[in-house]
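Visitor: I should like to be guided through the rings and hollows of this model. Please begin once it is on display.

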Amino acid sequence: MTFDPRVRLCWALCLTVLALLFDDLFVLLPLLAVALIAIGCTDGGLWHVFRRLRWLLWFFVIISVIQSVFNPQGEVLLSIGSLALLTGGGISLGVAFFCRMLLLLCSGMIIAAAGQRQLVQALVQLKLPYEIAFMLSVAILFLPMFKDQITNSLTAIQLRGVDIKRLSFNKRMRLYKYLLLPVITRIVEIARQLAVSMEMLAFRAYEKRTSYLRLTMTAYDYLAVVFAVMVTAAIIAVYYI
Amino acid sequence: MSQEVIISTRAAEYRYKQGFALQPITLDLARSEICFIMGANGSGKSTLGRLLAGIYKPCSGSVTIDGEDSRKLSLSACGRKIGYLWQKPDLQLFAPTVWEDMTFLGEFVGGETPKVRQNAEYWLDQMGLLELKVQSVHLLSRGEKQRLALAGVLAAGSRYLILDEPTTGLDEARRGVLADILRLLHSDGIGISVISHDRELAEQLATRRLIIDKGGISDDIRPPR
């Protein structure tokens, strides 16, 4: 099922607001389930979602463990002498943090699945200036490009005989200094080429732009927006009023 | 010239997540050859090149580099055996000047400084870049950047080279320089594979031509010389 990008923006906004307002697992876990199901139904399956998230999942798991280790609340589950290493409260805070981060990621994925051109048009039809909408979409586009550049540079430097895994922390940092500069230079060069191409295509030649693409909300889209807003408002009302 | 096989594949297959797949490929590449890997855009030439270099690991079957399974070799170990020259040489240049680019890795690969310097000087000289050693990398022409990247790859100790589209963006004179360098390296006992559309260069250099079509080898030609 496909939804208008404005519906996706609305969902992402609701999810982000709820993820930032609540740290209660009884709210976050059902929300996460709903977000994952929504992504699964609209963007090609849950397995696809997990595969895209797997790198970040590890990062979040580590952060969650750190939260648990340093939080003294609740029942002590693991300790060395008088030092509590793992507590019930710590684990629950860690899981809550994990869920919040996943929800924010899900929001990003919901927006990203809209496609760059559709997203720009949605923002423009929401009365955001075209230049800012375009800049936002280009910024989203640059993230995977930055990742590719870093990956390629890392591969190239290893192919020159450097075993990064065996380097000490200090040496590794010095090596990354060599990697970062050319990557940033290349990204700036790509950005410059993009700017020139945009000028060549008469970007901002006139104050107003027309667009071949027009987005139209269907009844399902309106329903999805109303549903998301009402659920968000209801959750906030129940907890805060 | 040594007939020693450096890279050997047995029903090696590679699949991208997006769907394109390299069909099972069985192949032996020897140091005595200059092998041109040719084919249409999107046929899988570069994928095969990266599989042969150990950058990509086979999804099934095997790729053996210098007698060792590429799956068990780290990228750095592959790089010490097989030099891979990317299509865009900028990707392989890291330091601000030519000399620094050739020597900065010494501290990371644990080599002795005099040895690293000697090696750097030797390969810069071979590539005709010794006079440019204080030059900023960003001021080099495409051909010079490519030769510098090649020098860097060879300084890692590779005995076999894989070059991905090395003549892209080079004029005729610079293509000639590249051809001369490849001949020189080959006569020094370095095996070479070139991924290319350049028929003229292949006519000049190739002792073997692999034609790639739809992810498989459609023809394996050894032109009489």
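Guide: A charge is taken to sit over a ring if NZ of Lys or CZ of Arg is within 6 Å of the ring centre and within 35 degrees of the ring normal. The model shown is a predicted one.

Visitor: Which residue lies over the face of A:Tyr178?

Guide: The cut-off for the distance to the ring centre is 6 Å. At 5.3 Å from the centre of the A:Tyr178 ring, the residue over its face is A:Lys177.

Visitor: At what distance from the ring centre does B:Lys133 lie over B:Trp99?

Guide: This contact is judged by the same kind of criterion, with a limit of 6 Å from the ring centre. B:Lys133 lies over the face of B:Trp99, and the distance to the ring centre is 4.5 Å.

Visitor: Which residues are linked with A:Tyr178 into a cluster by ring pairs?

Guide: Rings pair if their centres lie within 6.5 Å. Such pairs join A:Tyr178 of chain A to three residues of chain B, namely B:Phe94, B:Phe104 and B:Phe108.

Visitor: How many aromatic pairs are there over all chains, and what is the geometry of B:Tyr14 and B:Tyr16?

Guide: Over all chains, the count is 15 aromatic pairs. In the pair of B:Tyr14 and B:Tyr16, the centres are 5.2 Å apart and the planes meet at 85°. Planes over 60 degrees apart count as edge-to-face, so the geometry of B:Tyr14 and B:Tyr16 is edge-to-face.

Visitor: Is B:Tyr14 buried or exposed?

Guide: Buried means under 20% relative accessible area. B:Tyr16, its partner in the pair, has 25% and therefore counts as partly exposed. B:Tyr14 has 14% relative accessibility, so B:Tyr14 is buried.

Visitor: Which elements give two or more residues to the lining of the largest cavity?

Guide: The largest cavity has a volume of about 50 Å³, and its lining consists of B:Gly143, B:Gln146, B:Arg147, B:Leu170, B:Arg174, B:Val177 and B:Leu178. By class, these are three nonpolar, two polar and two charged residues. The elements that give two or more of them are helix H6 (142-155) and helix H7 (172-187) of chain B.

Visitor: Which element supplies the largest share of the lining of the second largest pocket?

Guide: This pocket holds about 530 Å³ of space, and of its 21 lining residues the closest to the centre are A:Gln121, A:Val124, A:Tyr130, A:Arg209 and A:Ser211. Helix H5 (116-125) and helix H6 (130-159) of chain A each supply at least two residues. The largest share, six residues, comes from H5(A).

Terms used. Residues are numbered from 1 along each chain as its sequence is written. Chains are lettered from A and ligands numbered from 1 in the order in which they are written. This is a predicted model: local features need pLDDT of at least 70, side-chain atom pairs count only at pLDDT 80 or more; totals for chains, interfaces and linings use all residues. Side-chain values use heavy atoms; hydrogens and water are left out. Rings of Phe, Tyr and Trp (its six-membered ring) pair if their centres lie within 6.5 Å; planes under 30 degrees apart count as stacked, over 60 as edge-to-face and the rest as tilted. Buried means under 20% relative accessible area, exposed over 50%, partly exposed in between (1.4 Å probe, protein chains only). On a 1 Å grid over the protein atoms alone, a cavity is a set of points where a 1.4 Å probe fits but cannot get out, and a pocket is an open set with protein on both sides within 12 Å along at least five of seven lines; lining residues have an atom within 4 Å of a point. Grid points are joined across faces, edges and corners, and a volume is the space filled by probe spheres set on the points. Helices (H or I, at least four residues) and strands (E, at least two) are DSSP runs, numbered from the N terminus. Ala, Val, Leu, Ile, Met, Phe, Trp, Tyr, Cys and Pro count as nonpolar, Asp, Glu, Lys and Arg as charged, and the others, Gly among them, as polar.
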